[in-house]
Amino acid sequence: MMFSESLTRRAEDVLDHARTAGIMMATAESCTGGLVAGLLTSIAGASDVFERGFVTYSNESKTELLGIPATIIAAHGAVSAEVASRMATQCLLKSNADIAVSITGIAGPGGSAHKPAGLVYFGLALRDHPVRVVCKRLGDRGRNNVRLAAVETALALFSEGVDLIAEVETRIAD
């Protein structure tokens with residue numbers, strides 16, 4: 001098994017939650033290198049709700065695949081709230097999903113005093129909602145542990161996003 005049993009169960013819950021709400025999901029990943037998409041698609045039936053994933057590890061791929069201007073990356077750095085926000089927005093625009101989560105960070109080793117290992121930005125984009133950006137300082141706990149913690153955060157954001165969409169749809173129906 002590639003992922004822990006508990007992480008797989010959490011992913012199954014997120015997929016079931018999205019399935020019940022009729023919501024399609026997509027990812028734009030940098031420092032996780034597609035781990036969120038890999039986890040979700042390791043579960044049979046994920047294609048019901050997981051639409052696509054972009055692995056945009058390099059700055060060039062962020063520009064080429066997601067259309068993020070190189071000037072934005074140069075001005076703020078690939079690991080920034082601005083880039084995480086744009087990654088999520090563009091992921092949503094370039095997919096048939098209702099919700100997109102983006103991840104960009106420094107898994108380690110390395111980093112700097114300003115952007116240390118374990119610094120990860122997440123974007124949550126929902127159709128017809130403002131983008132939400134979350135910054136996590138996961139600490140220099142080792143590359144794999146930072147990446148797995150980022151996957152857990154992404155799952156939590158997907159769950160929150162599905163709840164938000166379902167809540168709005170319930171209010172509209174009432």
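**Helix α5 and its surroundings in a predicted model**

Helix α5 has 13 residues, which at 1.5 Å a residue should span 18 Å; the C-alpha atoms at its two ends are 18 Å apart, so expectation and model agree. The model discussed here is a predicted one. Within α5 (81-93), the buried residues are V83, A84, M87, A88, Q90, C91 and L92. The cover over these buried residues includes the strands β1 (25-29), β2 (50-55), β3 (99-105) and β4 (119-126), together with the helices α3 (59-66) and α4.

The wider chain gives this helix its setting. The protein chain contains six helices and five strands. Read from the N terminus, these elements follow the order α-β-α-β-α-α-α-β-β-β-α. The radius of gyration of the protein chain is 15 Å, close to the 16 Å given by the globule rule for 174 residues, so the chain is as compact as a globular protein of that length. The C-alpha trace spans about 50 × 35 × 25 Å along its principal axes. Of the 174 residues, 47% count as buried. Among contacts between residues at least 6 apart in sequence, 64% join residues at least 24 apart.

The surface and the charges can be described in similar terms. The protein chain exposes about 8200 Å², of which carbon and sulfur atoms supply 52%. The chain carries 16 positive and 19 negative charges, and the mean positions of the two sets are 8 Å apart.

Several individual residues show how the elements meet. S80 lies in the loop between α4 (70-76) and α5 (81-93). The relative accessible area of S80 is 4%; because a residue under 20% counts as buried, S80 is buried. Leaving out residues up to four places away in sequence, S80 touches T104, K115 and Y121.

Y121 is also a partner of V133, a residue of strand β5 (residues 132-137). The contacts of V133, apart from neighbours within four places in sequence, are A81, S85, Y121 and F122. V133 and Y121 are 12 residues apart along the chain, and their C-alpha atoms are separated by 6.9 Å. With a relative accessibility of 34%, V133 counts as partly exposed.

F122 in turn is touched by T153, which also touches K136, when residues up to four places away in sequence are not counted. T153 belongs to helix α6 (residues 143-173). At 13% relative accessibility, T153 counts as buried.

Two points of backbone geometry complete the account. Most residues other than glycine have a negative phi, and most peptide bonds are trans. Against that background, G108 and P109 are joined by a cis peptide bond, with omega about -5°. P109 is placed in the loop between β3 and β4. The other point concerns D128, a residue other than glycine whose phi is positive, near 65°. D128 sits in the loop between β4 and β5. Its relative accessibility is 81%, so D128 counts as exposed.

Note on methods
Residues are numbered from 1 along each chain as its sequence is written. This is a predicted model: local features need pLDDT of at least 70, side-chain atom pairs count only at pLDDT 80 or more; totals for chains, interfaces and linings use all residues. Side-chain values use heavy atoms; hydrogens and water are left out. Helices (H or I, at least four residues) and strands (E, at least two) are DSSP runs, numbered from the N terminus. The radius of gyration is taken over C-alpha atoms; the globule rule is 2.2 Å times the number of residues to the power 0.38. Buried means under 20% relative accessible area, exposed over 50%, partly exposed in between (1.4 Å probe, protein chains only). Contact means heavy atoms within 4.5 Å. Accessible areas come from the Shrake-Rupley method with a 1.4 Å probe; for residues, only the protein chains shown count as cover. Lys and Arg count as positive and Asp and Glu as negative; His and the chain ends are not counted. The place of a charge is taken as NZ of Lys, CZ of Arg, CG of Asp or CD of Glu. The expected span of a helix is 1.5 Å times one less than its number of residues.
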